[in-house]
Amino acid sequence: MTMKELSQLHWLNVEIDRDKQRLAELEARATSPGGPNMSGMPGGGGAGSSVESAALEIVELKASIEAKLIRCSTERARLIGYIDAVPDSRMREIMYLRFVDGLPWAQVGASMGYTGDGVRKACKRYIDESAA
């Protein structure tokens with residue numbers, strides 16, 4: 001497995017967080033007093049298409065988030081399976097903290113009594129050696 005593959009869970013979580021923030025903004029706009037008229041009652045301004053498009057965007061975004069959450073769960077299980085197979089317990093801990101818990105390298109190093117740069121290099125060295 002490569003560093004890029006190991007980092008996919010992190011970036012998937014970043015995507016999900018961004019999408020959830022966008023969803024909250026859309027829902028807030030849709031329910032705000034000055035937002036689109038979602039009551040279904042005529043508003044006289046021809047806002048129906050904007051209401052429909054906002055509602056459609058909300059539904060599509062919710063479906064996208066759900067799909068990403070499923071992928072996230074699958075990716076997490078795959079990652080944990082890979083990490084559990086690493087024979088060195090120190091390296092398993094480094095990988096778990098970084099790639100499953102999503103901690104920055106500096107925090108991973110500090111929690112283990114090393115520098116962030118030291119654990120990053122050790123992890124990269126392990127991955128490069130196991131790929132060879």
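Helices here are DSSP runs of H or I that are at least four residues long, numbered from the N terminus. With that in hand, Asp117 and Arg120 can be placed: they are three residues apart in helix α6, so about one helical turn separates them. The model is a predicted one, and we will come back to this pair after a look at the whole fold.

## The overall picture

The protein has six helices and zero strands, which read along the sequence as α-α-α-α-α-α. Of its 132 residues, 27% count as buried. Among contacts with a sequence separation of 6 or more, 59% are between residues 24 or more positions apart.

Helix α2 is a good place to check the geometry. It covers residues 8-31, and its 24 residues should span 34 Å at 1.5 Å a residue; the C-alpha atoms at its ends are 34 Å apart, so expectation and model agree. Which residues of α2 are buried? They are Leu9, Leu12, Ile16, Asp19, Leu23, Leu26 and Ala30.

## The nonpolar cores

In soluble globular proteins, nonpolar side chains tend to be buried together. In this model, the largest nonpolar core has 22 residues, and those with the most contacts inside it are Leu6, Leu79, Met91, Ile94, Met95, Phe99 and Cys123. Two or more residues each come from α2, α3 (48-84), α4 (89-100), α5 (105-112) and α6 (116-131). Helix α4 gives the largest share of this core, with six residues. Apart from this core lies another, of six residues, including Leu26, Ala30, Leu61 and Ile65.

Phe99 deserves a visit of its own. Leaving aside neighbours within four places in sequence, Phe99 is in contact with Met3, Leu6, Ser7, Leu9, Leu79, Trp105 and Cys123.

How do α4 and α6 meet, and at what angle do they pack? Their axes are 10 Å apart and the angle is about 110°. Angles of 65 to 115 degrees count as roughly perpendicular, so α4 is roughly perpendicular to α6. On the α4 side, the residues that take part are Arg90, Met91, Ile94, Met95 and Phe99, and they meet Val119, Ala122, Cys123, Tyr126 and Ile127 in α6.

## Salt bridges

The count of salt bridges comes to nine. Three of the pairs are set out here, with the N to O distance for each.

| Pair | N to O distance | Position |
|---|---|---|
| Glu15 and Lys68 | 3.1 Å | α2 and α3, 53 residues apart |
| Glu75 and Arg78 | 2.9 Å | both in α3, three residues apart |
| Asp117 and Arg120 | 2.4 Å | both in α6, three residues apart |

Take the pair of Glu15 and Lys68. Glu15 lies in α2 and Lys68 in α3, so their salt bridge ties together parts that are 53 residues apart in sequence. Are the two partners buried or exposed? Lys68 has a relative accessible area of 10% and is therefore buried, while Glu15, at 27%, counts as partly exposed. Both residues also belong to a network of salt bridges that links Glu15, Arg18, Asp19 and Lys68. Within that network, Asp19 is one of the buried residues of α2.

The pair in α3 is local: Glu75 and Arg78 are about one turn of the helix apart. Glu75 has a relative accessible area of 13%, and because buried means under 20%, it counts as buried. Arg78, at 38% relative accessibility, counts as partly exposed. Beyond residues up to four places away in sequence, Glu75 touches Glu5, Gln8 and Leu9. One of these, Leu9, is among the buried residues of α2 and is also in contact with Phe99.

That brings us back to Asp117 and Arg120, whose closest N and O atoms are 2.4 Å apart. Asp117 counts as partly exposed, at 38% relative accessibility. Arg120 is partly exposed as well, with a relative accessible area of 30%. How many residues lie between Arg120 and Trp105 in sequence terms, and how far apart are they in space? They are 15 residues apart in sequence and 6.3 Å apart in space, C-alpha to C-alpha. Trp105 is also one of the contacts of Phe99.

Terms used: Residues numbered from 1 in each chain as written. Predicted model: local features only at pLDDT ≥ 70, side-chain atom pairs only at ≥ 80, totals over all residues. Heavy atoms only, no water. Expected span 1.5 Å × (residues − 1). Buried < 20%, exposed > 50% of the residue type's maximum accessible area, 1.4 Å probe, protein only. Core = buried A, V, L, I, M, F, W, Y, C linked by side-chain atoms within 4.5 Å. Contact = heavy atoms within 4.5 Å. Salt bridge = Lys/Arg side-chain N within 4 Å of Asp/Glu carboxyl O. Axes fitted to C-alpha atoms, helices over the stretch in contact; angles between N-to-C directions. Parallel < 35°, antiparallel > 145°, perpendicular 65-115°, else oblique.
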